[in-house]
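Subject: The structure for you to look at

Hi,

Here is the structure I promised to pass on. Have it open while you read, and I'll walk you through what turned up.

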Amino acid sequence: MPNPTAAMLVIGDEILSGRTRDANMHYLAGQLTAMGIDLQEVRVVSDDRDAIIAAVQALSASYDHIFTSGGIGPTHDDITADCIAAAFETPIDVRDDARALLQAHYDRSGQELNAARLRMARIPDGAILIDNPVSTAPGFTLRNVHVMAGVPSVFQAMVASVLPLLTGGEPLLSRTLRVVRGEGDIAGPLGTFAAQFTDLSVGSYPFQKDGVYGANIVVRGSDRARLEQAMAALSDVFAP
């Protein structure tokens with residue numbers, strides 16, 4: 001049985017402008033790989049309502065799980081929650097349980113739960129809250145879309161809250177063989193090898209160091225015995 005599939009939607013002008021370097025994709029990919037959920041696509045869109053809605057609808061229809069990051073804070077450009085609701089034609093408003101979480105948090109810190117902060121309690125109807133032990137303001141899951149903050153520490157905490165609720169598959173294993181030859185020299189035999197192990201993923205990642213050209217050949221799969229068999233064959237192909 002194939003593993004569940006996933007996509008990630010990164011939302012924010014600051015990512016596309018180069019002002020902010022996204023760390024959440026790397027983290028999510030590692031977590032999903034270990035759990036046996038195959039991350040197959042990542043999209044980055046601006047803080048544009050139509051773009052977010054279109055991406056959510058397309059990805060939700062194509063994959064088992066969608067993870068979003070960014071755009072669920074208190075400012076005017078935090079429009080993700082409204083866009084998710086619009087994508088599924090679902091009403092959205094301040095929800096009592098989310099408001100209670102924020103009220104308790106700001107009471108403890110001696111701050112006011114003002115109108116801007118209350119925006120973070122706006123949750124689409126029927127959504128399930130995602131716990132946020134870092135800064136309290138919750139994310140949410142609506143259908144197969146998990147909506148989370150863009151701040152890496154908060155995103156990671158929300159991922160930790162969501163993943164135990166999901167059903168994974170066989171964790172993806174990987175092995176690497178370092179070959180000190182140029183890709184032009186290894187392409188032919190590597191293609192023959194890949195054709196013999198079509199049930200595995202085979203990738204070549206070139207490097208250059210101190211004038212030496214080579215490639216790391218990475219083989220991935222969920223069957224450990226098959227992977228070891230492939231690596232033995234690969235070592236024979238590129239034996240010194």
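Let's begin with a helix and the strands beneath your cursor. Helix α2 lies across three strands, namely β1 (5-11), β2 and β3 (65-69), and runs at about 165° to β1. Please keep in mind throughout that this is a predicted model.

**The whole chain**

Now zoom out. The protein chain has 9 helices and 11 strands. Its C-alpha trace spans about 70 × 40 × 35 Å along the principal axes. Of the 240 residues in the chain, 41% are buried. The chain exposes about 12500 Å², and carbon and sulfur atoms supply 51% of that area. As for contacts between residues at least 6 apart in sequence, 69% of them join residues at least 24 apart.

**The sheet with six strands**

Back to the strands that α2 lies across. β1, β2 and β3 belong to an open sheet of 6 strands, in the order β2-β1-β3-β8-β7-β6, with mixed pairing. Which strands stand at its edges? They are β2 (38-45) and β6 (128-130): each has a single partner strand, so one side of each is left without a neighbour in the sheet. Neighbouring strands in this sheet are turned by 20° against each other on average, if you ignore direction.

Take a look at the β6 end. There, β6 pairs with strand β7 (residues 139-142) in the antiparallel sense, over 3 bridges. If you want one pair to click on, try Leu-129, whose bridge partner in β7 is Phe-140.

Another helix worth finding here is α7 (residues 152-162). Its buried residues are Val-154, Phe-155, Ala-157, Met-158, Val-159 and Val-162. Here is a bit of background that helps when you read that list: an α-helix has 3.6 residues a turn, so residues three or four places apart point the same way. And what do the buried residues of α7 pack against? Their partners are β1, α2, β3, β6, β7 and β8 (145-148).

**A patch on the surface**

α2 comes up again on the outside. Met-25 sits in this helix, which covers residues 24-35. Together with Leu-16, Val-42 and Val-44, Met-25 makes a nonpolar surface patch of about 310 Å². Is Met-25 buried, partly exposed or exposed? Its relative accessible area is 37%, and buried would need under 20% while exposed would need over 50%, so Met-25 counts as partly exposed.

**The sheet with three strands**

Further along the chain there is another open sheet. This one has 3 strands in the order β9-β11-β10, and the pairing is antiparallel. Its edges are β9 (173-179) and β10, and since each has a single partner strand, one side of each is left without a neighbour in the sheet. The twist averages 20° from one strand to the next.

How many bridges join β9 to β11? There are 7, and the two strands run antiparallel. One place to see the pairing is Val-179, which stands opposite Ala-215 in β11.

Two helices go with this sheet:

- Helix α8 (residues 183-196) lies across β9, β10 and β11, and runs at about 165° to β10.
- Helix α9 (residues 224-237) lies across β9 and β11, and runs at about 5° to β9.

**Two loop residues with positive phi**

Next, a couple of backbone details. Glu-89 has a positive phi of about 50°, although it is not a glycine. You'll find Glu-89 in the loop between α4 (80-87) and β4 (92-94). Its relative accessibility is 76%, so Glu-89 counts as exposed.

Asp-210 is another residue other than glycine with a positive phi, in this case near 55°. Asp-210 is in the loop between β10 (201-209) and β11 (212-221), so you can find it from the three-stranded sheet you just looked at. With 74% relative accessibility, Asp-210 counts as exposed too.

**The start of the chain**

Finally, go to Met-1, in the segment before β1. Met-1 is exposed, with a relative accessible area of 99%. Its C-alpha atom and that of Phe-193 are separated by 25 Å, and the two residues are 192 apart along the chain.

Have fun clicking around!

Terms used
Residues are numbered from 1 along each chain as its sequence is written. This is a predicted model: local features need pLDDT of at least 70, side-chain atom pairs count only at pLDDT 80 or more; totals for chains, interfaces and linings use all residues. Side-chain values use heavy atoms; hydrogens and water are left out. Patches are made of residues with over 30% relative accessible area and no salt bridge: like charges are joined within 9 Å, nonpolar side chains (Val, Leu, Ile, Met, Phe, Trp, Tyr) within 5 Å. Accessible areas come from the Shrake-Rupley method with a 1.4 Å probe; for residues, only the protein chains shown count as cover. A salt bridge is a side-chain nitrogen of Lys or Arg within 4 Å of a carboxyl oxygen of Asp or Glu. Helices (H or I, at least four residues) and strands (E, at least two) are DSSP runs, numbered from the N terminus. Buried means under 20% relative accessible area, exposed over 50%, partly exposed in between (1.4 Å probe, protein chains only). Two strands pair if DSSP finds at least two bridges between them. Axes are lines fitted to C-alpha atoms, for helices over the stretch in contact, and angles run from 0 to 180 degrees between N-to-C directions. Contact means heavy atoms within 4.5 Å.
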